[in-house]
Amino acid sequence: MELLIKSSSFFRPSTFLVTSRASRLPIPQRARARFLTRAADKTPGSDDSVAKYGSARVRFAPSPTGNLHVGGARTALFNYLFARSTGGKFILRIEDTDLERSTKESEEVVLRDLAWLGLSWDEGPDKGGSFGPYRQSERTTLYKEYAEKLLNSGHAYRCFCSNEELDKMREEAKSKQLPPVYTGKWVSATDEEIQEELLKGTPFTYRFRVPKEGTLKINDLIRGEVSWGLDTLGDFVIMRSNGQPVYNFCVAVDDASMGISHVIRAEEHLPNTLRQALIYKALGFSMPSFAHVSLILAPDRSKLSKRHGATSVGQFREMGFLPEAMVNYLALLGWNDGTEEEYFTMEQLFSKFSIDRITKSAAIFDVVKLRWMNGQHLRSLPADKLTNMLGEHWKNNGILSESEGPFVNVIYNYPHRLD
């Protein structure tokens, strides 16, 4: 990743190149041995760094605010396959900083559906690990420590602006057709002004000080070179006035302190990379490789939503789809092995999956194709296993009172009805 700064009092030298050989992350000793440094000169779209530096550490980090969407399940699957194909680790992290919407019930549903798909994580909230805790709500002390580091180094400052003042800034920027960047006084306030507000008990946020000029570039493993102008961002909040950390700050600290080598996520997170990369550099973190996967769209090429029918893994599970079929189908939404083959077992995906076979174009979720895929996997099941499975499914849905009997055994006589 390149970060070119023309002028800034807190980023020196005045022009520099951010690479994986930047200063190492100040994380606990137990984590250092497993933290993977990144290659600075990789070809965009390649993942050869794994071969050079060892196995990968990847994570799936859902927010427990609802069911596991098929888009999230595909992201989890790609991370899982990449970890297994490199002999690496797949980490499950719960991003529950949205305290109002996050629920324990949603977390349990997400874990249940991931397990149903056969995605076994190596570290997580239920398994523990050397890099825990694995819920963001349990890592607040760590975030505050790093926020203080940014404050002491000059990369962040206290902002005492009221909501009314901030609203006024946004309206003025909108009227001038300018980006809504922060223009308040606290970016250059004196120590006396800050102490005066602290003595009065005025609430404040922590804002990250963004260089005013320059360009940030990353080599995304899927999308190639991506760049942003820093003058479009403005100083952003990393800690709210109630002491709660902001999403992008948490993610940067978590990924670095957990030694994540590759961040594989949906393209809707691509804009977040700018803020996270700046935080990485300011704290001296080594940069992971980024890979942003295209969205999954409905057949009408709109965003896949409830109006298109079932969209969560739990819904398809209740409808009787096989987890093997769901995994196979989700893997093909944006990836292929370079052949015309479409039927894959999990073990085959382990050996064939690679990031450089993920496409940039959006994938279309076609339930008709999913049903066909389900039929293919049903046909591959031994007859006794298929009969038992159907009997249990019909019993659970109230169709039969018993899961065994002559009616269930009709599957032996009519195997061609599986599609």
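**Group meeting: a walk through the strands**

Hi everyone. Let me start with burial: of the 419 residues in this protein, 50% are buried. Please keep in mind that what you are looking at is a predicted model.

How confident is the prediction? The mean pLDDT is 84, and 81% of the residues reach 70 or more. There is a stretch to treat with care, though: over residues 5-47 the pLDDT stays under 50. The model still has 110 contacts for that stretch beyond four places in sequence, so please read those contacts alongside the confidence values.

Now the overall make-up. The protein has 15 helices and 12 strands. If we take contacts between residues at least 6 apart in sequence, 74% of them join residues at least 24 apart. As for the surface, the accessible area comes to about 20100 Å², and carbon and sulfur atoms account for 49% of that.

Let's move to a sheet. Which strands form it, and in what order? It is an open sheet of 3 strands, ordered β4-β5-β8, with antiparallel pairing. At the edges sit β4, residues 156-159, and β8, residues 236-239, each of which pairs on one side only. From one strand to the next, the twist averages 45 degrees.

If you zoom in on β4 and β5, the latter being residues 205-208, you will find 4 bridges joining the two antiparallel strands. For a landmark, look for C159, whose bridge partner in β5 is T205.

This sheet also has a helix for company. Helix α9, residues 272-283, lies across β5 and β8, and the angle it makes to β8 is about 60 degrees.

My last stop is another strand pair, β6 and β7. Strand β6 covers residues 215-220 and strand β7 covers residues 224-229. A hairpin of 3 residues takes the chain from β6 to β7. The two strands run antiparallel, with 6 bridges between them, and K217 has S227 as its bridge partner in β7.

So which side chains of β6 are buried, and which are not? In general, side chains in a regular strand alternate between the two faces of the sheet. Strand β6 shows this nicely: L216, I218 and D220 point to one face and are buried. On the other face we have T215, K217 and N219, which are not buried. Do take a look at D220 when you have the structure open, since an aspartate sits there in the buried set with L216 and I218.

That's my tour. Thanks for listening, and I'm happy to take questions!

Notes:
Residues numbered from 1 in each chain as written. Predicted model: local features only at pLDDT ≥ 70, side-chain atom pairs only at ≥ 80, totals over all residues. Heavy atoms only, no water. Buried < 20%, exposed > 50% of the residue type's maximum accessible area, 1.4 Å probe, protein only. Contact = heavy atoms within 4.5 Å. Areas by Shrake-Rupley, 256 points an atom, 1.4 Å probe, with all protein chains shown as cover. pLDDT = per-residue confidence, 0-100. Pairing = 2+ DSSP bridges. Axes fitted to C-alpha atoms, helices over the stretch in contact; angles between N-to-C directions.
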